[in-house]
Amino acid sequence: MYASLVVNVEAPGIKQPLTYRVPEELDELTVGDCVVVPFGRQEAIGYVMSREDAPPEGLDPGVIKPIKAKVLGDGASLPKAVLQTAQWMAREYFCDLATAVRSVIPDSQAAHLIRRVQLVPGWEEKLPEVTTASHRLVIETLAGCPSEAATLEELAELVASRVDSPVKLLRERNLLRDIWTVEPPRTGAKRVKAARLLVVWDDAEDAAKAREAKAPAQAKLLRALSSAGGGPLPVSKLIAEAGVSAAALKKLEADELISIEVLTERRRPYSLSTSAVVAPELMPEQKIALEEIKKRLDSRAHNVALLYGVTGSGKTEVYLRAIAETRRRGRTALVLVPEIALTAQVVDSFRSRIGDRVAVLHSNLSLGERRDEWQRIARGEADVVVGARSAIFCPLPNVGLIVVDEEHESSYKQDQPAPRYHAREVAIARARATGATVILGSATPSVETFYKAEKGEYGFLPLRERALSRPLPSVEIVDLREGFKKNQPALFAQPLLEGITERLEKHEQTILFLNRRGFSMFLLCRDCGYTTRCPDCEVSLTYHQRAAKLVCHHCNYERPAPDMCPNCNGNRLRPFGIGTEKIEEEIKKAFPTARVIRMDRDTTQEKNAHMKMLRQFRAGEADILIGTQMVAKGLDFAGVTLVGVISADTALNLPDFRASERAFQLLTQVAGRAGRGRKPGHVVVQSFNPEHESITAAAEHDYELFYKREIVFREELGYPPFARLANIIATDEDERLPEVRLRALANRLEDCDGLKVLGPAPCPLSRLKGKYRWHLLLKCTDGEALRTYLRRGLLSLTSSDRSGMTIDLDPMSLL
Ligand SMILES: [Zn+2]
Ligand SMILES: [Zn+2]
């Protein structure tokens, strides 16, 4: 018997999967199992992709090496659903199977692989043959160990001498064998006493009522436990927070209402919350959405729905109820959240409603913490997993619901290394493996997702009402052209200056936002707001100062930079760009007494500088925060009542066809930073293109207005969702080679039916880490055809031409 395996090693020249022989004692091996195999002179971990009766043709069975052992331990093997997802990724994202499989294995796997020697069952019968004293000592020592096994270090310590040679000989005589397990590091495991409710919620409430008068402490404890989902909760914490004595707990234990047990406390970043949370009443739209989700869950068939909820419409409440419904149906739920939003508060809010059966996975956990959570999930000790992008690969069994919150977030896309996957699409693929419901949530959905919902491919669950009485901030658009017309050009227009003055007087805070992603220069007419665009791709042309030319970074269209504005014949068509330093300087000039914090890449180099600045600002130690993207996302500052967007134009003129979408999302996000407290917020957006739909729609808080115009543009120019894109990037230290190689590829793709080839063109970021970068953009309405053409094209290249190329399917950024 044979098995084909993906081996977890970096071995670029070797074509995986590899064939190994399955020894008789491992006949039970199944697909997804983790094994140890010889690899070169070393040992490596591998995963079983398939079992085969015969070796592949042309391979001499004599040279096929045997698998050494199966790796034991929770979460060692890959669940079927995860493996299927990896296989889907390999097909979808154009990478080999080994790369895809290796990307779903947690980093912690290899780090925590432990090897032990174990006595082979039946060793007792062979014992009389062993006459060497040191060998007998090894055997007798092992016989006293748990599972008759120990690591070589442990064994050496127990017998107080080196054991290498006796172990080797005993292994040869088949008295010892190697076993491997994946285990979290054994440090830091603390044992704590914890209480757990033994009765259902209703009975606990009855018992609490009966005790209210005579034993209020007991009633308090019961309620604290039931509001935390029944526990277990650490006894010390429970007693301290309820303010009662240990005797009350003992009495409840005697009455068999609760149990007190000793638990090994997991390393865990967040505290257990004992605060009771009352589920809010649902609004009509939330009720409709939930009913629809219930139907979808009952179908047990793969399906996807967009939960389109404006800010404050209560998306999270729908998630929580949907999760409860999923658990009621005996299934589990996976919740993906953008990394940056995965704060202690978010996790605590899930814990306080769902109880302790929530596991959390994100990159800030230590390797040990992540391993703990991973194994807990694999053991079935969690019903709900909340995590960032890669949590989609966790070994949660029987997934019935996957929530992708803020589905439009670009952090869901993995850019480096391959597979360059989008977690939203992976979530949909994983749901297919178990017949699960996917909910994509957003107030500003990606154009692709909204389109699919509109077309009926995805369900559509709108939440247009807002639950909170807190009004949306008012948005004022300021036309920067006015200042130039009056010959008084300024960085800050009058309304913004007045707004800041007023905030300073009232001791309220201001955020000034500058989008710095528009690093590439573009020409902007200060008189009429005209920017130069590619006639074919509609993306902003990048200005190259030295050559005085304009270049399209999608298709390489070029033209000399005009001296006069082609639109108004004015002479103020000039490069555009502002830095945060300049803004700080001007602000200090205009408001000498204001306390200013500038937060950008330069000022946040130091570790934790970012958090420190935010803390200072939150504590009211500054009046004005000047910042880039960093301040746009998910931050809550109650003291901020004014947000100023210095220039919306940099976002609008990114050399990427998604510039309008990005600008809309960004403005919506930034605007959301104003008026998070009790006082209403105001937003001032400065722009030379005040009538651009991304700006006007964001000012109206109207996603659908933005979408209606954007979708027309996408269809006209054949961008997603009307076509699939592949971005092929070539890099090299040699300035010439990337272009040459891509041109060779472009030539091979010339006659492909329905395929549009743009470029090659220099990437907007044309040099990165000392390498020159060019890209080739492929557009095709049929994704399958696109992959076929690309595969054929790449195969026709020499491997040296192929080297240094990366392939990004459905790219999210073309920079
Ligand atoms: Zn003009
Ligand atoms: Zn172009």
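The zinc ion (ligand 2) sits in a tetrahedral site, with angles of 105 to 113° among its four donor atoms (four donors count as tetrahedral if all angles lie between 85 and 135 degrees). In this predicted model, local features need pLDDT of at least 70 and side-chain atom pairs pLDDT 80 or more, while totals for chains, interfaces and linings use all residues. Residues are numbered from 1 along each chain as its sequence is written, chains are lettered from A and ligands numbered from 1 in written order, and side-chain values use heavy atoms, without hydrogens and water.

Coordination of the zinc ion (ligand 2) comes from the SG atoms of Cys-534, Cys-537, Cys-552 and Cys-555, at 2.3 to 2.4 Å (donors are N, O and S atoms within 2.8 Å of the metal, or 3.2 Å for Na, K and Ca; water is not among the atoms, so sites may look incomplete). Along the chain these donors follow the spacing C-x2-C-x14-C-x2-C. Cys-534 lies in the loop between β21 and β22 (542-544) and Cys-555 in the loop between β23 (549-551) and β24, so the pair ties together parts 21 residues apart in sequence (strands are DSSP runs of E, at least two residues, numbered from the N terminus).

Turning to the other site, the zinc ion (ligand 1) has as protein donors the SG atoms of Cys-525, Cys-528, Cys-565 and Cys-568, 2.2 to 2.4 Å away. The four donor atoms subtend angles of 107 to 113°, which makes this arrangement tetrahedral. Here the donor residues are spaced C-x2-C-x36-C-x2-C in sequence. Distant parts of the chain are linked by Cys-525 in strand β21 (residues 522-525) and Cys-568 in the loop between β24 (558-560) and β25 (573-576), 43 residues apart.

Notes. Four donors count as tetrahedral if all angles lie between 85 and 135 degrees; four count as square planar and six as octahedral if opposite donors are over 155 degrees apart and all others between 65 and 115; anything else is irregular. Helices (H or I, at least four residues) and strands (E, at least two) are DSSP runs, numbered from the N terminus.
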